[in-house]
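Hi,

Here is the structure I promised to pass on. Please open it alongside this email, and I will walk you through what turned up.

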Amino acid sequence: MWVAPMTLLEKLRQQRPSSAFLILCTLAVGILIGTVLNSEWGAINAQTGASDATPLTVPPVANIGNEFTQLAKKLEESVVAIRVELPPAPANSQLQFGPGGPGGPGAPGGQGGDIPEMFRRFLPDQGDGDQPNPLEAPQGPPRQASGTGFIVDKNGYIMTNNHVVENATKITVTLTNDSTEYRARLLGTDCESDIAIIKIEARKPLKPVTIANSDSVQVGDWAVAIGSPFGLASSVTAGIVSAIGRGPDQLQGESKPFQSFIQTDAAINPGNSGGPLLNIRGEVIGVNTMIETRSGGSDGIGFALPMNMGARVYNDIIREGRVSRGSIGVSLSNADRPELVLKAFGLDHGALIEAATEGLPAQAAGIRAGDIVLTINGKRVKDNQDLIGIVAELPVGRPATFNIDRDRKLIDLKVTIQNRLDMYKDREEIACNGKPVEVTQAKPKATGDVRFGFRVRGPITAQEKELVPSGHGIVIASVEPDTFAAELGLADNDIVESINRIPVNSVDDINKVRATLKPGDAVAFHIYRPRPMGAGRGKGRQPTGPAVAVYYLTGTVPE
């Protein structure tokens with residue numbers, strides 16, 4: 001019998017159960033493999049996790065205070081940051097820095113290079129260190145430096161170091177928790193103690209420090225320094241008083257005759273200068289003034305001028321405008337071991353006279369070389385440094401009784417005390433660069449109508465547009481002295497591109513910006529300062545840098 005061939009469709013129908021079975025088997029194998037892999041991955045997770053660890057819980061805020069915490073809070077409103085502007089570096093000179101280059105402790109007024117390596121005052125960087133050829137460099141904007149001060153009177157009187165504000169064209173003070181920048185005026189300085197007094201006009205009474213009698217300071221006492229090291233305001237460091245009475249004989253002549261320092265290992269760095277050194281009660285025992293360093297930073301040996309001296313200088317300045325000290329016109333023995341000289345003479349105290357200057361009070365009274373001063377007005381004279389200090393405190397114009405050992409015989413001489421500043425007015429290190437210390441008159445306050453204080457030449461020319469990427473700006477023809485513009489550092493021929501990011505291209509544009517400002521507002525001038533022909537150029541007078549210097553000159557509209 002003949003059977004028709006099976007069609008393809010019929011074959012597939014017959015094989016469908018087998019295919020279904022195959023599919024089911026495939027699924028089963030896949031599920032099995034997945035289960036195994038999942039189990040193994042879970043085991044790995046279990047091995048790498050920390051199932052027996054307890055999560056950490058952050059506790060509520062708790063104030064764990066101590067004496068240092070209380071001290072820092074007590075003083076935070078009384079210590080201020082000081083920023084000064086200094087004249088531009090001369091075009092024919094190059095800034096010098098202490099060890100470590102820019103950022104290292106600087107010299108007085110931010111001018112370094114001539115202070116011994118071992119002793120560096122605390123002013124941080126005054127430049128970017130990338131200066132062009134000093135013989136060709138144009139004058140740039142004012143240099144800046146910083147330091148610290150502390151409030152000594154609620155009416156805005158502040159004590160700091162003379163070297164912080166020396167040669168400053170502008171002094172700006174910032175209080176803690178107050179963003180206002182106060183313009184300070186210099187009331188008086190004393191070169192020989194390195195103390196300066198400045199004043200700000202604050203909107204409210206300020207919180208002054210409490211001072212201590214620095215004669216009560218003992219070696220081993222706690223010592224705390226507060227200041228703005230490297231510009232970091234309100235930094236607190238602690239240590240102990242390492243020594244007292246550090247004078248010129250121990251500091252290799254770096255200090256001056258009236259400076260007898262408190263030594264501390266509390267960390268002091270550039271920017272701490274002029275800040276307070278405190279005892280554990282938060283009372284000021286000294287003014288941080290200098291450091292001994294081989295690294296350019298804190299090596300744990302800092303020096304503070306005792307507060308008793310600071311108070312005396314302050315009182316003289318606010319009363320008379322200058323510091324008066326007594327003097328008699330003698331030179332004292334510079335023997336390496338003066339105590340041995342006295343011992344050889346059978347004495348345990350005294351100051352040995354090397355010479356008496358002709359025409360001055362000591363010589364006129366009969367004091368001569370070889371005399372040993374034992375007492376002054378009955379007060380025992382321990383050594384040469386003690387004589388200087390005692391005479392300095394005597395009333396000027398009045399006689400004092402000097403008990404003297406002369407060839408083993410005791411005699412009394414009456415010596416009329418003279419003003420040291422008048423006696424040595426030709427000595428720069430005593431008279432502050434030859435000028436008597438006097439009160440600086442306050443500048444009149446600015447009115448609410450803020451006037452920048454410069455005249456303009458007009459919009460920039462087509463040639464000048466090539467120097468300014470935005471293609472607009474206005475050129476300053478002249479800057480009036482003692483104005484807001486002069487304080488900011490604007491100069492003739494500066495191109496003002498914008499003020500507070502508002503483009504200016506005419507006098508009207510400037511007036512519109514000016515009309516929006518009031519005392520206390522911040523101002524930022526974006527300027528382009530053309531370099532003189534040949535500046536910054538090497539051999540063949542080929543350009544080696546941009547034809548303009550670009551600055552943001554900023555300030556706060558004065559009260």
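**A buried aspartate, and what surrounds it**

Asp190 is buried, with a relative accessible area of 5%. Please keep in mind as you read that this is a predicted model. The cut-off for calling a residue buried is under 20% relative accessible area, so Asp190, at 5%, counts as buried. Its side chain has a partner: a polar contact of 2.6 Å links the side chains of Asp190 and Arg325.

Asp190 sits in strand β6, which covers residues 181-190. This strand pairs with β7 (residues 195-199) through five bridges, in the antiparallel sense. If you want one pair to look at, Leu186 has Ile198 in β7 as its bridge partner.

**The barrel**

Where do β6 and β7 belong? They are part of a closed barrel of six strands, in the order β1-β3-β4-β7-β6-β5, with antiparallel pairing. From one strand to the next, the twist averages 40°.

Helix α4 (residues 307-320) lies across β3, β4, β6 and β7. The helix runs at about 125° to β4.

**More antiparallel strands**

Three further strands are worth a look. β8 (residues 222-227) and β9 (residues 235-246) run antiparallel and are joined by six bridges, with Thr237 in β9 as the bridge partner of Ala225. β9 also pairs in the antiparallel sense with β10 (residues 261-264), over three bridges. There, Arg246 is matched with Phe261 in β10.

**The nonpolar cores**

As general background, nonpolar side chains tend to be buried together in soluble globular proteins. Here, the largest nonpolar core has 27 residues. Phe150, Met159, Ile195, Ile197, Ile226 and Leu278 have the most contacts inside it. The elements that each give two or more residues to this core are α2 (67-75), β3, β7, β8, β12 (284-292), β13 (302-306) and α4. Which element gives the largest share? That is α4, with five residues.

Ile197 is a good place to zoom in. Leaving aside residues up to four places away in sequence, Ile197 touches Tyr157, Ile158, Met159, Arg185, Leu186, Leu187, Gly188, Tyr314 and Ile317.

Apart from the largest core lies another, of 21 residues, with Phe484, Leu490, Ala549 and Leu553 among them.

Happy browsing, and best wishes!

Notes:
Residues are numbered from 1 along each chain as its sequence is written. This is a predicted model: local features need pLDDT of at least 70, side-chain atom pairs count only at pLDDT 80 or more; totals for chains, interfaces and linings use all residues. Side-chain values use heavy atoms; hydrogens and water are left out. Two strands pair if DSSP finds at least two bridges between them. Helices (H or I, at least four residues) and strands (E, at least two) are DSSP runs, numbered from the N terminus. Axes are lines fitted to C-alpha atoms, for helices over the stretch in contact, and angles run from 0 to 180 degrees between N-to-C directions. Contact means heavy atoms within 4.5 Å. Buried means under 20% relative accessible area, exposed over 50%, partly exposed in between (1.4 Å probe, protein chains only). A polar contact is a pair of N or O atoms within 3.5 Å; within protein, one must be able to donate a hydrogen and the other to accept it, and residues adjacent in sequence count only if both atoms are side-chain atoms. A nonpolar core is a set of buried Ala, Val, Leu, Ile, Met, Phe, Trp, Tyr and Cys residues joined through side-chain atoms within 4.5 Å.
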